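Trainee: I've got a new model open and I'd like to talk it through with you. Mind if I fire off some questions?

Mentor: Go for it, pull it up.

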Amino acid sequence: MVLSEKIARLIESLLDENDGTLEIGRNELATRMGCVPSQINYVITSRFTPQKGYIVESRRGGGGFVRITKVKFDRNSYLMHFFNAVGDSIDHATAEVFALQLAANMIVTPNEAKIIIASISDAALEDLPRAVRNTVRASIFKAIILKLI
């Protein structure tokens with residue numbers, strides 16, 4: 001298993017143990033994992049994002065810490081969070097991550113996520129000029145989200 005995956009799993013398990021909120025020193029976590037603090041930063045910034053349902057606060061320096069909170073929404077609030085996160089334009093990779101998050105949080109089934117991904121794929125939008133695909137993709141995704149609410 002890759003080190004970044006181990007770090008992410010440790011953070012997730014600590015979040016679960018602490019009712020969805022974790023406050024820990026970057027250096028402390030780096031020492032525990034046998035890596036440098038920048039590796040911890042990388043994992044946090046790439047895996048614990050608002051799009052994935054996390055709020056991250058940090059303070060640097062000697063007494064620095066990272067506070068990660070897993071956002072707990074009811075179903076409709078969670079969907080509205082996604083609706084707002086999509087915005088007016090979304091690229092395929094980000095939209096796919098969003099659809100997979102909907103499945104991971106049991107808002108849609110894995111098969112429904114696959115259908116969403118297919119409906120907003122570049123292949124489905126290939127007849128449109130590249131300049132408008134991300135805007136159309138966002139409109140389609142937002143229409144799907146509104147139907148789920």
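Trainee: Among contacts in the protein between residues at least 6 apart in sequence, what share join residues at least 24 apart?

Mentor: Keep in mind that this is a predicted model. The elements run α-β-α-α-β-β-α-α-α-α along the sequence, with 7 helices and 3 strands in total. Counting contacts between residues at least 6 apart, the share that join residues at least 24 apart is 57%.

Trainee: How much of the accessible surface belongs to carbon and sulfur atoms?

Mentor: Start with the frame: the C-alpha trace spans about 55 × 30 × 30 Å along its principal axes. Of the 149 residues, 35% are buried. The accessible surface comes to about 8600 Å², and the part belonging to carbon and sulfur atoms is 53%.

Trainee: How far apart do the centres of the positive and negative side chains lie?

Mentor: There are 18 positive and 16 negative side chains to place. Take the centre of each set, and the distance between the two is 3 Å.

Trainee: Which residues of helix 1 are exposed on the face turned away from its buried side?

Mentor: Helix 1 covers residues 3–17 and reaches 21 Å from its first C-alpha to its last, close to the 21 Å expected. Its buried residues are Ser4, Ile7, Ala8, Leu10, Ile11, Leu14 and Leu15. They sit on the same side of helix 1, because they cover an arc of only 160 degrees around the axis. The face turned away from that buried side carries the exposed Asp16 and Glu17.

Trainee: Is Ser4 buried or exposed?

Mentor: Ser4 lies in helix 1. Leaving aside neighbours within four places in sequence, Ser4 is in contact with Gln39, Tyr42, Val43 and Arg47. The cut-off for buried is under 20% relative accessible area. Ser4 has 10% relative accessibility, so Ser4 counts as buried.

Trainee: Which elements do the buried residues of helix 3 pack against?

Mentor: The buried residues in helix 3 are Ile40, Val43 and Ile44. They fall within an arc of 95 degrees seen down the axis, so they line one face of the helix. Residues three or four places apart on an α-helix point the same way, because there are 3.6 residues a turn. As for what those buried residues of helix 3 pack against, it's helix 1, helix 2, strand 2 and strand 3.

Trainee: Where is Asp19 found?

Mentor: Asp19 has a positive phi of about 55 degrees although it is not a glycine. Most residues other than glycine have a negative phi. Asp19 counts as exposed, because its relative accessibility is 60%. It follows helix 1, and its place is the loop between helix 1 and strand 1.

Trainee: What is the relative accessibility of Met106?

Mentor: Met106 is not a glycine, yet it has a positive phi of about 60 degrees. It sits in the loop between helix 5 (92–104) and helix 6. Met106 counts as exposed, because its relative accessibility is 73%.

Trainee: Which residues is Ile116 in contact with, leaving aside its neighbours within four places in sequence?

Mentor: Ile116 is found in helix 6, residues 110–119. Its relative accessibility is 5%, so Ile116 counts as buried. Thr69 is 47 residues away from Ile116 in sequence and 28 Å away in space, C-alpha to C-alpha. With those sequence neighbours left aside, the residues in contact with Ile116 are Ala99, Val108, Phe141 and Ile144.

Key
Residues are numbered from 1 along each chain as its sequence is written. This is a predicted model: local features need pLDDT of at least 70, side-chain atom pairs count only at pLDDT 80 or more; totals for chains, interfaces and linings use all residues. Side-chain values use heavy atoms; hydrogens and water are left out. Helices (H or I, at least four residues) and strands (E, at least two) are DSSP runs, numbered from the N terminus. Buried means under 20% relative accessible area, exposed over 50%, partly exposed in between (1.4 Å probe, protein chains only). Contact means heavy atoms within 4.5 Å. Accessible areas come from the Shrake-Rupley method with a 1.4 Å probe; for residues, only the protein chains shown count as cover. Lys and Arg count as positive and Asp and Glu as negative; His and the chain ends are not counted. The place of a charge is taken as NZ of Lys, CZ of Arg, CG of Asp or CD of Glu. The expected span of a helix is 1.5 Å times one less than its number of residues. The arc is that of the directions from the helix axis to the C-beta atoms.
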